[in-house]
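These questions go through a structure by its elements and then by single residues. Each answer ends on what was asked for.

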Amino acid sequence: MRRPLIAGNWKMHLSPSEGAALATMLRQRIGMRSDVEILLCPAFVALQAVAEAIRGSEMKLGAQDVFWRDSGAFTGQIAPPMLMAVGCEYVILGHSETRGRFGVADPDMDARLLAYFSETEATLNRKLRAVLPHGLKPILCVGETLAEREAGQTEQVIRTQIEGALDGLASDELYELVIAYEPVWAIGTGQVCDADEANRVCGFIRQTLRDRYDAELAEFVRVLYGGSVKPSNAHALLHQPEIDGALVGGASLDAKAFEQICYCAPQR
Ligand code: PGA
């Protein structure tokens, strides 16, 4: 049975003290739940403060990105052992915001700036190969843009993203992998993917693992849904058989909303 995972992606919000305050509040409310795995992913600078706030609880810590080398002259980057040293168990990889494929026009972002974030399948593959040997669990985000969905390319885009990121990795290396289906058009837009459709695409992701690897791995790996998850839609999404949890952005910054989403997860 796959234990549900509810992950809060705080993105570029909350200072260390603000993050510690939110983590402390969540710890008091849901910190000892073990039927659902609850994960907080603050900004790099808040990792230490949040780690201290949740120490001794059942809650887990994750980062929002990582570089693929263990050390070296890579200005501005963070290495897998550094994340392990502050207590991270998970790391988000390939979020559409780091891939640089925004679903909505952002007037503050010009084309050149977007290119700096344009992560490719090849860089994601390096990151996966870098974190897995450390036991750092990757949450690999995949998903199509609205234009790709409207062109009927959803499955093709997702298969390409999965195969590119996992290139050369063997089945027995991937048991800690989590995949998040994050349709780009649903992220931060309030436009949630219909629960049946999210379930269908999560099932397709599992089928891709079955085809490429084996049924055992496909049944083991957790597939999350992310994109405008809120207390009002979480129950329908989290009770779908192919959806093993949620990657929550905006609503994870609100203790009450995040707690309510965690309570929507089924006991499996
Ligand atoms: P959202 O973000 O919940 O604010 O749509 C989800 C995500 O980016 O993971």
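Q: Is serine 228 buried or exposed, and what is its relative accessible area?
A: This is a predicted model, in which local features need pLDDT of at least 70 and side-chain atom pairs count only at pLDDT 80 or more, while totals for chains, interfaces and linings use all residues. Residues are numbered from 1 along each chain as its sequence is written, and side-chain values use heavy atoms, with hydrogens and water left out. Buried means under 20% relative accessible area, exposed over 50% and partly exposed in between, with a 1.4 Å probe and protein chains only. Serine 228 therefore counts as buried, with a relative accessible area of 14%.

Q: Where is serine 228 found, and what is its phi?
A: Helices (H or I, at least four residues) and strands (E, at least two) are DSSP runs, numbered from the N terminus. Serine 228 is in the loop between β7 (222-226) and α11. Its phi is positive, in a residue other than glycine, and is near 60°.

Q: Which residue in the loop between β1 and α1 has a positive phi?
A: The loop between β1 (5-9) and α1 holds a residue other than glycine with phi near 75°. That residue is partly exposed, because its relative accessible area is 25%. The residue is leucine 14.

Q: How are the strands of the barrel ordered?
A: The barrel is closed, has eight strands and shows parallel pairing; two strands pair if DSSP finds at least two bridges between them. Neighbouring strands of this sheet are turned by 25° against each other on average, direction ignored. The order is β1-β2-β3-β4-β5-β6-β7-β8.

Q: Which residue in β6 is the bridge partner of isoleucine 139?
A: Strand β4 (residues 90-93) pairs with β5 in the parallel sense over four bridges, and isoleucine 92 has isoleucine 139 of β5 as its bridge partner. β5 and β6 also pair in the parallel sense, over four bridges, with leucine 140 opposite isoleucine 179. In β6, the bridge partner of isoleucine 139 is valine 178.

Q: How many of the residues of β5 are buried?
A: On one side of β5, Lys137, Ile139 and Cys141 are buried. On the other side, Pro138, Leu140 and Val142 are buried, so both faces of the strand are covered. The count is six of six.

Q: Why are the buried residues of α8 said to lie on the same side of the helix?
A: The buried residues of α8 are Thr154, Val157, Ile158, Gln161, Ile162 and Ala165. An α-helix has 3.6 residues a turn, so residues three or four places apart point the same way. The arc is that of the directions from the helix axis to the C-beta atoms. The buried residues are on the same side because they cover an arc of only 125°.

Q: At what angle does α8 run to β5?
A: α8 lies across β5 and β6. Axes are lines fitted to C-alpha atoms, for helices over the stretch in contact (heavy atoms within 4.5 Å), and angles run from 0 to 180 degrees between N-to-C directions. The angle to β5 is about 150°.

Q: How many residues of α2 are buried?
A: Helix α2 (residues 47-54) packs on the sheet, touching β2 (37-41) and β3 (60-63). Its buried residues are Leu47, Ala49, Val50, Ala51, Ala53 and Ile54, and they pack against α1 (16-30), β2, β3 and α3. The number buried is six of its eight residues.

Q: How far apart are isoleucine 243 and cysteine 202 in space, C-alpha to C-alpha?
A: Isoleucine 243 lies in the loop between α11 (231-238) and β8 (245-248), and counts as buried because its relative accessibility is 0%. Among the residues that isoleucine 243 touches are Ala198, Cys202, Tyr225 and Arg268. Isoleucine 243 and cysteine 202 are 41 residues apart in sequence, and in space 6.4 Å.

Q: Which helix gives the largest share of the largest nonpolar core?
A: A nonpolar core is a set of buried Ala, Val, Leu, Ile, Met, Phe, Trp, Tyr and Cys residues joined through side-chain atoms within 4.5 Å. The largest has 73 residues, of which Ile6, Leu40, Leu166, Tyr225 and Phe258 touch the most other members. The largest share, seven residues, comes from helix α9 (residues 195-212).
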